[in-house]
Amino acid sequence: MTIKPTLENYLIMKQILKKYLPYCFALSMLTSCVNEDIHVTTYNLEHHDFQKWAELIMIESITPLEQKDSCILSYADKCIVEGDYILFNDHKSKTIYQFTKGGKLIRQIGNRGKSASEYLDIKDIWLESKNNNIIVMDDRGLITFDIASGKYIDRQKFNTEEAGRFIKFGVVDDNTYIGVRDSGDDDSSIMLDSPKGAKVLRQRKGYPFFVDFFYQHNDDNYVLSDYGEFYIDKYEDGFLNKVYEFNLGEYKLPKDELPKDSKEFDIVYEKPEYFKCLIEARETSKWLYAKIDGPQRLYYTAIINKDNGKTAFGPDFTISIVGTEGNSFFALVYPNYLPQTEFLYKILQEKGIACDENASPVLLKFSINEKLLL
């Protein structure tokens with residue numbers, strides 16, 4: 001049946017639209033708000049003077065990592081605590097060591113060299129708990145080791161040439177990876193590499209600055225924002241969706257200060273008045289942790305209760321989070337670098353942990369004293 005465009009039909013449609021258009025418009029606006037904002041949680045970090053770290057963290061365990069003649073630790077380019085294991089990618093020896101949660105050395109993972117099972121320069125490591133694999137990224141691609149035995153499984157390349165420029169990476173699923181690329185001819189920052197090809201997930205707005213971009217929570221991948229931005233994305237079905245945003249008020253780096261090249265970056269990096277970028281983040285079902293490069297050339301730490309938005313945010317929290325368990329955090333501490341005035345130095349001394357130049361790195365497990373959050 002065809003409706004003829006008569007004057008009578010036109011007048012009827014006009015009356016219908018006049019009656020129902022406001023409702024359609026309101027519904028459209030509501031749908032728009034849901035799509036854009038409903039999944040984004042903003043945390044207020046305008047106040048950044050919290051100092052009571054010694055009272056905030058409640059130590060559950062202190063575990064020195066075992067050292068032997070075959071394993072002399074310097075500091076970790078990356079440390080991962082997951083399941084029953086600790087992975088320590090040592091900066092000086094360019095070697096990956098595997099420990100138990102109790103700090104006992106199990107083995108060295110792989111060897112340096114040019115064979116298929118060896119690596120020369122380690123770009124990044126990933127502990128894939130789904131398949132119980134350790135994945136090492138080097139200049140030639142990905143090397144997989146079995147986490148239980150440490151044995152070499154295979155070597156493979158990324159699916160695309162674009163992924164060969166990855167500096168840091170994360171595993172999404174079998175043969176699908178997410179990574180951050182070095183500075184190149186284009187403006188792409190975060191990219192997906194899959195058997196279907198390469199896909200740009202985020203365009204870079206300024207000069208690249210490489211941090212610990214990726215972490216997992218409940219088997220989902222989360223991605224930190226680029227330099228000058230303060231949010232965390234979640235990877236979902238081929239897209240990055242913003243889930244957390246940090247309000248730093250007047251102390252956030254202004255958009256017109258965002259560096260476009262290395263010269264501008266050096267100038268901005270030395271400016272003492274602004275927060276400049278997210279350095280790392282982790283979360284549990286209840287807590288969100290974020291470390292931010294901030295004013296006065298200091299790192300600032302935020303501990304946020306995701307249930308009520310209460311926070312502790314301030315400088316001089318001198319440890320980095322390397323894993324979680326339940327609602328507790330694991331942190332890696334280097335006793336030989338701690339000032340004697342540092343609260344962690346005093347805690348280690350009280351527990352009989354050596355803090356001299358030969359001291360082993362220590363794994364702390366701690367929970368949060370909620371009463372101190374604001």
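**Figure 1. The second largest pocket of the predicted model holds about 540 Å³ of space.**
The lining of this second largest pocket is made up of 25 residues. Val81, Glu82, Gln216, His217 and Thr324 are the ones closest to its centre. Five strands, β3, β9, β17 (214–217), β21 and β25, each supply at least two lining residues. β3 gives the most, with five residues. By class, the lining has eight nonpolar, 10 polar and seven charged residues.

**Figure 2. The largest pocket contains about 1,000 Å³ of space.**
Here 32 residues form the lining. Closest to the centre of the largest pocket are Ala76, Asp77, Glu280, Ser320 and Tyr334. At least two lining residues come from each of β3 (76–82), β9 (122–128), β21 (277–283), β23 (298–305), β25 (320–325) and β26 (328–333). The largest share, four residues, belongs to β3. The lining divides into 19 nonpolar, three polar and 10 charged residues.

**Figure 3. The largest cavity has a volume of about 50 Å³.**
The count of cavities of 30 Å³ or more comes to one. Its lining includes the run Tyr207, Pro208, Phe209 and Phe210, along with Phe213. Val180, Ser189, Arg204, Asp226 and Tyr227 also line the largest cavity. Sorted by class, the lining has seven nonpolar residues, one polar and two charged. Rolling a probe the size of a water molecule over the atoms shows where empty space is left.

**Figure 4. The largest nonpolar core has 51 residues.**
Which residues have the most contacts inside this core? They are Phe169, Ile190, Ile232 and Phe246. Apart from the largest core lies another, of 29 residues. Trp287, Phe343, Ile347 and Phe366 are among the residues of that other core. Nonpolar side chains tend to be buried together in soluble globular proteins.

**Figure 5. Close-up of the contacts of Phe246.**
Leaving out residues up to four places away in sequence, Phe246 touches Tyr43 and Leu45. Phe246 also touches Phe230, Tyr231 and Ile232. Leu278, Leu288, Ala290 and Ile304 are contacts of Phe246 as well. Both Phe246 and Ile232 are listed with the residues that have the most contacts inside the largest nonpolar core.

**Figure 6. Strand β20 (residues 239–247) pairs with β1 and with β19.**
β1 (residues 41–44) runs parallel to β20, and four bridges join the two strands. Thr41 stands opposite Tyr244 in β20. β19 (residues 231–236) runs antiparallel to β20, and six bridges join this pair. Lys234 stands opposite Asn241 in β20. β19 and β20 form a hairpin with two residues between them. In the turn, Asp237 has a positive phi of about 50°.

**Figure 7. Helix α4 (residues 343–350) and the elements its buried residues pack against.**
Phe343, Leu344, Tyr345, Ile347 and Leu348 are the buried residues of α4. These buried residues pack against α2 (53–56) and β2 (57–64). They also pack against β26 and β27 (362–368). Phe343 and Ile347 of α4 are among the residues of the 29-residue core. Just after α4, Gly352 takes a positive phi of about 75°.

**Figure 8. Ala163 in the loop between β12 (152–156) and β13 (166–173).**
Is Ala163 buried or exposed? Ala163 counts as buried because its relative accessibility is 0%, and buried means under 20%. Ala163 touches Phe158 and Asp193, not counting residues up to four places away in sequence. Gly141 is 22 residues from Ala163 in sequence. In space the two are 9.0 Å apart, C-alpha to C-alpha.

**Figure 9. Overview of the protein, with four helices and 27 strands.**
The protein has 374 residues, and buried residues make up 47% of them. Consider next the contacts with a separation of 6 or more. Residues 24 or more positions apart account for 50% of these contacts.

Methods
Residues are numbered from 1 along each chain as its sequence is written. This is a predicted model: local features need pLDDT of at least 70, side-chain atom pairs count only at pLDDT 80 or more; totals for chains, interfaces and linings use all residues. Side-chain values use heavy atoms; hydrogens and water are left out. On a 1 Å grid over the protein atoms alone, a cavity is a set of points where a 1.4 Å probe fits but cannot get out, and a pocket is an open set with protein on both sides within 12 Å along at least five of seven lines; lining residues have an atom within 4 Å of a point. Grid points are joined across faces, edges and corners, and a volume is the space filled by probe spheres set on the points. Ala, Val, Leu, Ile, Met, Phe, Trp, Tyr, Cys and Pro count as nonpolar, Asp, Glu, Lys and Arg as charged, and the others, Gly among them, as polar. Buried means under 20% relative accessible area, exposed over 50%, partly exposed in between (1.4 Å probe, protein chains only). Contact means heavy atoms within 4.5 Å. A nonpolar core is a set of buried Ala, Val, Leu, Ile, Met, Phe, Trp, Tyr and Cys residues joined through side-chain atoms within 4.5 Å. Two strands pair if DSSP finds at least two bridges between them.
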